[in-house]
Amino acid sequence: MTDSFSKGPVETHIGIIGLGAMGSAMARRLLQSGYAVTGVDVRAACIAELESLGGRGATTAREVASASDVVIISLNNVDAFRETTTGPEGLVHGVSRHAVVVDTCTLAIADKAHAAERLLARGVRFLDCTVSGNRNSILDGTLTLYASGDEAAYRRVEPVLAAISGSHTFLGAFGNASKLKFILNHLGTIHNAATAEAMALADRAGLDLGHVHALVTQSFAGSVVFRARGKMMLDGDYVSSRGTYGVARKDSRLIADFARDVLVPTPMFQAAVQMHIAGMAAGYTENDTASLFEVYKRSAGAECRPPQTPRIE
């Protein structure tokens, strides 16, 4: 490992903990940018995919950390986060004091802060980072990333962040990136449901959905979510993004707690969450939330597509 990132990307080793929809896309972008990448995931298929791209698979987070200048964490639940950061084979036991940990998970700030304290005791900087977008956003270079915490550490890893995102912004004090993410996911959940509802309404009204999608996207009423997930609804493709209903299953609780803590009512968000729960109950849990279109169509008595099998188990 190197003590500085100034000599170019090929001399900076990146570790990725979690090779799911987002982590695997980050790995692909980093490898394309000339970085050496080592990754770990509990799923053998995810390790095999990384190795097929030229990366190296590992068996523990500790092993990943020991080989890396920068460690990116991309996990979807707090138990996995705790195990891979501070557990017996966690990265805290193998990471170099010169490394920077970039955590992109959506978690309670207290959980991130605990890991940050444990790592700081070893001289390791931990950045609270969050992202907006999906797998396709990473692959096409439009992902937005937000960082908070130690600004010197952020400046040090800017070239790495640039490789996995279209833009990245430093937000100051540790935890600010997570707070912004709660707001983004609050809006995204509402936009998902609103997009599916509008497309189902247009479908029931007998309109050409391709035409509707194009016109709404160009209008004041359009949104990035409508453009991206509306296109997935048109194509009937709910698996290529590798997205799931994770926000409704996990993040909605974090957002509700956050809103309650700051005393802000969120009735529109709660209504949208209920439709996501309906999607999971209908069997679409492992599909992208664009599949809410099928849930709305079914509610309106129309024929709908069944849940699709994910590409990576």
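**A walk from α7 to α13**

Start by selecting A153, Y154, V157, V160, L161, A163 and I164: these residues of α7 are buried, meaning under 20% relative accessible area with a 1.4 Å probe, protein chains only (over 50% is exposed, in between is partly exposed). Before going on, note that this is a predicted model, where local features need pLDDT of at least 70, side-chain atom pairs count only at pLDDT 80 or more, and totals for chains, interfaces and linings use all residues. Residues are numbered from 1 along each chain as its sequence is written, and side-chain values use heavy atoms, with hydrogens and water left out.

Now show all of α7, residues 151-164. Helices here are DSSP runs of H or I, at least four residues, numbered from the N terminus. From first C-alpha to last, α7 reaches 19 Å, close to the 20 Å expected (1.5 Å times one less than its number of residues). Centre on E158: α7 bends there by about 55 degrees, and P159 follows within four residues. That bend is the angle between axes fitted to the seven residues ending there and the seven starting there.

Next, jump to R260 in α11 (residues 246-261). R260 is exposed, at 52% relative accessible area. Add M280, 20 residues away along the chain, and you'll find 25 Å between the two C-alpha atoms.

Last stop: α12 (residues 267-281) and α13 (residues 292-299). Where do they meet? Pick M275, H276, A278 and G279 in α12, which meet L292, V295 and Y296 in α13; contact is heavy atoms within 4.5 Å.

Technical notes:
Helices (H or I, at least four residues) and strands (E, at least two) are DSSP runs, numbered from the N terminus.
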